[in-house]
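Here are my notes from going through the model you sent. Have the viewer open while you read.

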Amino acid sequence: MTAIDEAWSILKGLGVTPRTAEAGRASRSPVDGSAGPALTETADLDGIVACSVAAFHAWRRVPAPRRGELVRLFGEELRAAKADLARLVTLEAGKITSEGLGEVQEMIDVCDFAVGLSRQLYGLTLPSERPGHHMRETWQPLGPVLVISAFNFPVAVWAWNAALALVCGDPVIWKPSEKTPLTALATQAVFDRALARFGGDAPEGLSQVVIGGREAGEALSADARIPLVSATGSTRMGRAVAQTVAARLGRSLLELGGNNAMIVTPSADLDMAVRAVAFSAVGTCGQRCTTLRRLLVHEDVAEALIGRLKAAYESLPVGDPREEGSLVGPLIDADAAEAFDRALAQAVDEGGEMIVGGARLGGDGAYVRPAIVRMPAQTAVVRHETFAPILYVLTWREFDQAVEMQNAVPQGLSSCVFTDSVREAEAFLSAWGSDCGIANVNIGPSGAEIGGAFGGEKDTGGGRESGSDAWKAYMRRQTQTVNFSRDLPLAQGVKFEV
Ligand code: NAD
C-alpha cells in the first residue's frame, strides 16, 4: 500500500469521506512521493464566514467555563485518536513517528491549558477618581478567528489557536496548508466527536475547515467579518496577510520564519551541545520554524565541536519516517529538495566549506543528507531561511561579538546559548542580549512547551500563540464604568450643569 493510500484509509477509519475532484491538487505523501485523489476545494467562502458569524452570536453567550468543557472533551477525543492522527502527520508531513506523536501531544497539552484558562480570563478592577463609581476591564469574545497554517505543523498550530479561541468565545475557520488537508479533515472529525458529546449549546459552524490554497487564504484574510487572522507560514505569506488585514484595520497574529542560532562558549558542556545541535538542526529534516540554522562557536572549541558533529551526522539514520530507526524523514517535496541544493551551491559560492552531508538519497521521496557548512561570515545565504537541514557554522572570539552575530539576521524567533558561565548566560538573557522571542540557556532552540507564549520578533511577525497571556489576542478589552451614586461627576474639575 502506498503511503497516501494508507492516509486515506486512516481517514476512512475516522469516519471521514471527503469529496474528491476529477482535476486539481492531488493529495500527496512525502514519504514515498505517492499521489492520491484531489480534494474538492471549498467554493462557498462567503457561506463559511456567514456561518461562523452566526456561530459567534450564539457561542459568546455560553459561559466561558462551559466553553472550556468542550475543549476538555476535545482533549479526551484527541487522546483516543492520538495514534491515528500522529500517523497521518507522519504520512502527510513526513515526520518521524515520535515527532508525529509529539505534535498531537501538543494539541492535548494546549487543550488542558485552555480548560484552566476558561476560568481565568481575568480583567482588572480599577479605583475610579469619581465618587460612587467603579471601573473594571472586561475581556469580551472577539468574533470569528481565521487560522491559516503551514505544512510543517499540520495540526498543533491550529490547536494552539483553536483551543484558546474557543474558550475565549470565538468560532474558528481553518485554512490548512494545501500540502496537508487530510490531517486537517481528520482533526475536524475528532473535534466533531467532542461536539457530539458536548450537547446542544454548541452552535453549528464553531469549527470549519476550508480546503484550498493561497487564494482561499487571501480571500478570507480580506473579509472584514473576521476580526482576527492568525497566520503561520513563510515571511512572504505573512507580509501579504499583514497588509491585507491592516488595510481593513483588522488584527493579525503572525508566526513566520526563523533563522535560529546557538552560541557555544568555551565553558559549554560539549556533550550536551552535540546532542542539542543534532536534535534541533536535523529534526523534522530541518523543516521547523525553530530549526537550528546557525552555529556560532568560540574559536577555541570549534574544531572539537565540528569534529564531533561530523561524526554524528555521518551516522544519522535518514529514511522512511515510519521505520523505527529513522531519525530524519523526507523533505516535503521536490521543490524543497531543489531549494536545499541551491542553498548549498550558493553557500559554496559565498566562500563556504562543506563539512558533511548535502547529498540527495535516491528512491522515492525527497530524502537528503543533512549538511554542515563552515562559513567565513554571515553572507546572504546564511541570513536567509532555507527550509531544509543546513547548518552554517561560524566562529567568534569575544562573547559580545557572538551576541551581535546572533542578532544580525532579519528573523528573530528562537535562540540559545550553551555556557557554564552565569555571566554569559545572564548577559544573553538581558536587554542587550538575544533579540529573539525565545531565548534558552543550555537547551536548543526548538521544542516549544505550551506554558510559555510562543513567537518571535522582527521578520517572524511579532505574534504570540499558545501559553501565558496569548489569549488576549483572541478577545477585545472593554473598560467599563458603573456609577452607583446619585450624582453625575463627569470628570475631575469639569462642571457641566443643565
Ligand atoms: P507558506 O507560507 O507557503 O504557506 C503557509 C500557509 O499560508 C498555507 O496554508 C498557504 O496556503 C497560505 N498562504 C500562502 N500565501 C498566502 C497569502 N498570500 N494569503 C493567505 N494565505 C496564504 O509556508 P509553508 O511552506 O507551508 O511553511 C513553512 C514556513 O512556515 C517556514 O517559513 C516556517 O518557518 C514557517 N513556520 C513558522 C512557525 C512559527 O510558529 N513561527 C511555525 C511553523 C512554520
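The points below cover helix packing, then a few single residues, and keep in mind that this is a predicted model.

1. **α9 against α10.** I'd start with helix α9 (residues 270–282) and helix α10 (residues 299–314), whose axes come within 10 Å and cross at roughly 50°. That angle makes α9 oblique to α10, since it falls outside the ranges for roughly parallel (under 35 degrees) and roughly perpendicular (65 to 115). The crossing of α9 past α10 is right-handed.

2. **Who touches whom there.** On the α9 side the contact uses Leu270, Asp271, Ala273, Val274, Val277, Ala281 and Val282. Their partners in α10 are Ala304, Leu305, Arg308, Leu309 and Tyr313. By type, the contact of α9 with α10 has 10 nonpolar residues, no polar ones and 2 charged ones.

3. **α9 itself.** With 13 residues, α9 spans 18 Å from its first C-alpha to its last, close to the 18 Å expected at 1.5 Å a residue. Which of its residues are buried? The list is Leu270, Ala273, Val274, Ala276, Val277, Ala278, Ser280, Ala281 and Val282. The buried residues of α9 pack against α10 and also against the strands β10 (260–264), β11 (292–298), β14 (390–396) and β16 (414–418). If you want to look at this helix in the viewer, showing those elements together with α9 gives you its buried-side neighbours.

4. **α3 against α6.** What angle do helix α3 (residues 64–93) and helix α6 (residues 181–198) pack at? About 150°, with their axes 8 Å apart. So α3 is roughly antiparallel to α6, a label that applies to angles over 145 degrees. This crossing is right-handed. The contact of α3 with α6 involves 16 nonpolar, 2 polar and 7 charged residues.

5. **α1 against α6.** Helix α6 has another partner to check: the axes of helix α1 (residues 3–13) and α6 come within 10 Å and cross at roughly 15°. α1 and α6 are therefore roughly parallel to each other, and α1 passes α6 in a left-handed crossing. The contact brings Ile4, Ala7, Trp8 and Leu11 of α1 up against Leu182, Leu185 and Ala186 of α6. Its make-up is 7 nonpolar residues, with no polar and no charged ones.

6. **Threonine 284, positive phi.** Worth a look on a Ramachandran plot: threonine 284 has a positive phi of about 50° although it is not a glycine. Threonine 284 sits in the loop between α9 and β11. Is threonine 284 buried or exposed? Its relative accessible area is 8%, so threonine 284 counts as buried, the cut-off being under 20%.

7. **Serine 468 and aspartate 469.** Serine 468 also has a positive phi of about 50° without being a glycine. Serine 468 belongs to the loop between β20 (465–466) and β21 (475–483), and is partly exposed, with a relative accessible area of 42%. Aspartate 469 lies in the loop between β20 and β21 too, and is likewise partly exposed at 42% relative accessible area. How far apart in space are the C-alpha atoms of aspartate 469 and leucine 142? The separation is 15 Å, for two residues 327 apart along the chain.

8. **Two residues of α11.** Aspartate 335 is in helix α11 (residues 334–349) and is exposed, with a relative accessible area of 55%. From aspartate 335 to alanine 366 the C-alpha distance is 8.9 Å, with their positions 31 residues apart in sequence. Alanine 339 is in helix α11 as well; at 23% relative accessibility, alanine 339 counts as partly exposed. Alanine 339 and leucine 206 are 133 residues apart in sequence, and their C-alpha atoms lie 38 Å apart.

Technical notes. Residues numbered from 1 in each chain as written. Predicted model: local features only at pLDDT ≥ 70, side-chain atom pairs only at ≥ 80, totals over all residues. Heavy atoms only, no water. Axes fitted to C-alpha atoms, helices over the stretch in contact; angles between N-to-C directions. Helix = DSSP H or I, 4+ residues; strand = E, 2+ residues; numbered from the N terminus. Left-handed = near helix turned anticlockwise from the far one by under 90°. Contact = heavy atoms within 4.5 Å. Nonpolar A, V, L, I, M, F, W, Y, C, P; charged D, E, K, R; others polar. Expected span 1.5 Å × (residues − 1). Buried < 20%, exposed > 50% of the residue type's maximum accessible area, 1.4 Å probe, protein only.
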